[in-house]
Amino acid sequence: MRHDLTLIQPWIQQGARVLDLGCGDGTLLAALRDQRGAFGIGLEIDHDNINQALARGVNVIEHDLNTGLANFRDNSFDMVVMTMALQTLRYPHLVIDEMLRVGRECVVTFPNFGYWRSRWYLGTKGKMPVSKFLPYTWYDTPNIHFCTVRDFDQLCEDKGIRILNSRYIDASNSQGALCARMPNLLSVTAVYHISK
Amino acid sequence: MTETSSPDSLATPGSVGIVTPQTLHFDQPLRLSCGVDLPQHDIVFETYGQLNADKSNAVLICHALSGHHHAAGRHSEADRKPGWWDSCIGPGKPIDTNHFFVLSINNIGGCHGSTGPRSINPATGKPWGASFPHLRCRDWVESQRLMMRHFGIDQWAAIVGGSLGGMQAMRWSLEYPDEVRHCLVIASAMKLSAQNIAFNEVARQAITSDPDFHGGDYLEHNTLPRTGLALARMVGHITYLSEDGMKQKFGRELKAGDLRLGSVGPVEFQVESYLRHQGETFANSFDANTYILMTRALDYFDLAREYDDDPVAAFRHAKCSFFVVSFTSDWRFSPARSREIVDALVAANRPVSYAEIEADHGHDAFLIPIPRYMQAFHSYMQRVKEEINHAS
């Protein structure tokens, strides 16, 4: 399982109601169901992912996150999770507002564009970074709103969002001490546990 | 207990083979929601696949407006067309008869053998005709439950229905929550819109204004309101298709005549001849009173009426998991209607999955083996199957 998904699990309480935005193939929700007895519902737009989630026995609802979450009630979930989808949204800040309205607590993970290799790629080549981790070219990428760790911290400060916890994953797929000290430069993926 | 046989000569892959309908007679009165007792009744049904030892693999198929018991396979080698949902029921198909025991029945009020307006009213010795009691979705649930008891089934692995069938499946989940594990609601809605009811009323008016209708007692007059019924079906049929689907299928192509200026003689568009053919075929095989009865049951259906018009409160009674499917070009029961079901289920804390299938076939798409639809349906039923395997 992806490292950010493993990191999230201890933050989810036993038997919690979890809404997973952009749940992919349902890996996280299946694990939360099996290991933490969570009641999960995933929202997803990709047809193959929906099919795989259905086959896993995960509850998955076809839903475009860009249309908002107006159909979900205030505080109707214990945890609203969005892993590696923030950068694909048209208005990421509005979706975060919605997550905090629907869930008591939220988890957001995203690729850190401030990672030194991205900076180096752009600085030396003058081209949008393409890596094994983010393999898309600029014109066909689903990622339209890259941000950095510092950008996300700023957003939380501007909106008065409480950061309950944060973790940073480095290139060796672990949480090194150096990475924790300089996450904006050294982390590949950022994991935030937030609330209102 | 099964009526299915598939001799080698007929072993079409994915088909349940040759099936024979059966009839079950119920002697005890069935109290209908309108207050009338149906003193006795017959149900015609078909089954596919085998009921397992603990009877945990039973799937109930609820039919739509003009459907009946013949959902899969063929009645004979010469049978030109298979059952109405043959695309979804059979070995290897979404409702896989290698694993599930499928029960498909012709609802009461129907005209394919089950007790309905064409049957003799024991009190008068004459056909019920228009005097057949009004039916609600819940009456079908009650009669289906009698069938369930007959087979000794305590809980359905799944109840599956499209359109009006989806309404029956949802009603089941509220009336008998302990007796349903999965509820599959395809191209359906929690209640009809005013536009839906309007179309149904046009259809009914077409039938009742046919001079051969005789207030519904046409059988006694040895006649049939064919023109009215054909017209009703034509109106209905238009609402089952989508504009794009009709455009692709017929465009403005002509069947006869010439549209050039100065040309004389009748002009006929392909779509006109198609609709007329559909209407006539239907009028020869369906009963006018049944059509009126079934469209009324559709109009009356309102999932949340008894729950203070709050679908969330209604669905709190359900205990099963739900799978809701809609089709993009379905304007009769649009995806928005299905999303209302999904939203209410989420708000009621019920497990629910939802797929919105890209299709240009309109409402009829639920009968068509669209690859993504079949895939999603298959994946969901896989989950139902695995639960049965785990339990046994």
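A residue is called partly exposed here when its relative accessible area falls between the buried class, under 20%, and the exposed class, over 50%. Keep that cut-off in mind for the tour that follows, which moves through a predicted model.

**First stop: a strand pair in chain A**

Select A:Asp78, which has a relative accessible area of 24% and is therefore partly exposed. Add A:Arg104, whose relative accessibility of 43% places this arginine in the partly exposed class as well. The two residues form a salt bridge in which the closest N and O atoms are 3.5 Å apart. This pair links distant parts of the chain, since A:Arg104 belongs to strand E5 (residues 103-111) of chain A and A:Asp78 to strand E4 (residues 77-83) of chain A, with their positions 26 residues apart in the numbering. While chain A is in view, select A:Asp74, A:Glu98 and A:Arg101, which are linked in a network of salt bridges.

**Second stop: the contact between the chains**

Now display both chains and select the residues that touch across the boundary, where 18 residues from chain A meet 20 residues from chain B. In chain A, the residues that lose the most area to chain B are A:Asn51, A:Leu54 and A:Glu62, which together account for 31% of what that side buries. Between them, chain A and chain B bury about 1,700 Å², and 52% of this area lies on carbon and sulfur atoms.

Zoom in on A:Glu62 and B:Arg372, whose side chains meet in a salt bridge with an N to O distance of 2.8 Å. The interface of chain A and chain B holds one salt bridge by the rule applied, and the count of residue pairs in polar contact between the two chains is 11. Colouring chain A by secondary structure helps at this point, as strand E2 (39-44), helix H3 (47-55) and strand E3 (60-62) each supply at least two residues of the side that touches chain B. Of the elements in chain A, H3(A) gives the most to that side, with five residues. Sorted by class, the side of chain A that touches chain B has 10 nonpolar, five polar and three charged residues.

**Third stop: salt bridges within chain B**

A search of the whole structure finds 23 salt bridges over all chains, and two in chain B are worth selecting in turn. B:Arg138 forms a salt bridge with B:Glu175, the closest N and O atoms being 3.2 Å apart. Here the partners come from distant parts of the chain, B:Arg138 from helix H1 (residues 137-150) of chain B and B:Glu175 from helix H2 (residues 164-175) of chain B, 37 residues apart. B:Glu175 counts as partly exposed because its relative accessibility is 26%.

Move next to helix H9 (residues 335-347) of chain B, where B:Glu340 and B:Arg337 lie three residues apart, about one turn of the helix. Their side chains meet in a salt bridge of 2.7 Å, N to O. B:Glu340 is partly exposed at 34% relative accessibility, and B:Arg337 is partly exposed at 25%.

**Last stop: the nonpolar cores**

Finish with the largest nonpolar core, which has 114 residues and in which A:Leu21, B:Tyr291 and B:Phe315 touch the most other members. Helix H7 (residues 288-300) of chain B contributes the largest share of this core, seven residues. Centre the view on B:Phe315, whose contacts beyond four places in sequence include B:Met170, B:Leu174, B:Met190, B:Phe322 and B:Ile341. Apart from this core lies another, of 60 residues, among them A:Trp11, A:Val18, B:Ile61 and B:Ala158.

Note on methods
Residues are numbered from 1 along each chain as its sequence is written. Chains are lettered from A and ligands numbered from 1 in the order in which they are written. This is a predicted model: local features need pLDDT of at least 70, side-chain atom pairs count only at pLDDT 80 or more; totals for chains, interfaces and linings use all residues. Side-chain values use heavy atoms; hydrogens and water are left out. Contact means heavy atoms within 4.5 Å. Buried area is the accessible area (1.4 Å probe) that two parts lose on being put together, summed over both. A salt bridge is a side-chain nitrogen of Lys or Arg within 4 Å of a carboxyl oxygen of Asp or Glu. A polar contact is a pair of N or O atoms within 3.5 Å; within protein, one must be able to donate a hydrogen and the other to accept it, and residues adjacent in sequence count only if both atoms are side-chain atoms. Helices (H or I, at least four residues) and strands (E, at least two) are DSSP runs, numbered from the N terminus. Ala, Val, Leu, Ile, Met, Phe, Trp, Tyr, Cys and Pro count as nonpolar, Asp, Glu, Lys and Arg as charged, and the others, Gly among them, as polar. Buried means under 20% relative accessible area, exposed over 50%, partly exposed in between (1.4 Å probe, protein chains only). A nonpolar core is a set of buried Ala, Val, Leu, Ile, Met, Phe, Trp, Tyr and Cys residues joined through side-chain atoms within 4.5 Å.
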